[in-house]
Amino acid sequence: MAPLKILISNDDGVFAEGIRTLANAALARGHQVSVVCPDQERSATGHGLTLQTPIRAERADELFDDGVQAWACSGTPSDCVKLALFSLLDEWPDLVLSGINHGPNLGTDVLYSGTVSAAMEGTIEGLPALAVSSADFQWRQFAPAARLALDVAERMLAEGWPSNMLLNLNVPPRPAEAIGALRWCNSAVRRYTDQFEQRVDPRGRSYYWLAGEVVNDLEAQVSGPAAWPTDVAQINAGGVSLTPLQPDIFWRGRTADLPVW
């Protein structure tokens, strides 16, 4: 494959090991790599944009291998991709990658994910885009996930990336030789129990900490090809999940059943 112009972002910030691994791996394959990502962790920001304060960007090439051009941005992940496309880059990329996220982005959690939202910003602008996550918050062996992300992106580009499609890739926390097969997956529905823990500060005032436990028994509640497993089930089985998403969130039920206004 001819060298690609790749834009990489994330939500874990410019100092995260996952983004360094992905950017350096893409560079090692001969691609032209630009990084624009938050200057600090901005996880679970969804598709938020910065509207009330200025956005600043500073060069951060020294954090990556020689040849990667990088900026650390004060905004959200979505801000970063917008700023890259419309201000920082001389040419638009052939591909947008987001990650490698330090933790999973499975099922309906993608609605809150800054990682997925950064990639989705590329999709909205008509670019091929892929979000990649390591499906464990403590796992730090990112090289297998980087290899899989680049393999998937290069193959999809070679075979024809469907328009308006974002790819969400999750890799199980296993050494390369123990990672199971990659499969197309549906998105599971994920809910949480005991979402808020109430605590009391030193002055006797209550505050709340979002710290729920995920419920993974809702895997049958999916939409899409019935033969596909859910992303949650695939990761739990030790395999790699690849889920096609799109910006269009229009309801897919029977509109004929809705009342007439």
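**Reading unusual backbone and nonpolar cores**

Biologist: What is the relative accessible area of N164?

Modeller: For N164 the figure is 40%, which means partly exposed (buried is under 20% relative accessible area, exposed over 50%, partly exposed in between; 1.4 Å probe, protein chains only). This is a predicted model in which local features need pLDDT of at least 70 and side-chain atom pairs pLDDT 80 or more, while totals for chains, interfaces and linings use all residues. Residues are numbered from 1 along each chain as its sequence is written, and side-chain values use heavy atoms, without hydrogens and water.

Biologist: Thanks! Which sign does phi of N164 have?

Modeller: Most residues other than glycine have a negative phi. N164 has a positive one, near 65°, and sits in the loop between α4 (143–159) and β7 (166–171); helices (H or I, at least four residues) and strands (E, at least two) are DSSP runs, numbered from the N terminus. A44 also has a positive phi, near 60°. The loop from β2 (32–38) to β3 (57–59) holds A44, which counts as exposed because its relative accessibility is 60%.

Biologist: And is the peptide bond from G99 to I100 cis or trans?

Modeller: Most peptide bonds are trans. The one from G99 to I100 is cis, with omega near 0°, and I100 belongs to strand β5 (residues 95–102).

Biologist: Which residues touch the most other members of the largest nonpolar core?

Modeller: Nonpolar side chains tend to be buried together in soluble globular proteins. A nonpolar core joins buried Ala, Val, Leu, Ile, Met, Phe, Trp, Tyr and Cys through side-chain atoms within 4.5 Å. Here I8, L22, V35, L97, L130 and L169 lead among 39 residues, and α4 gives the most, with eight.
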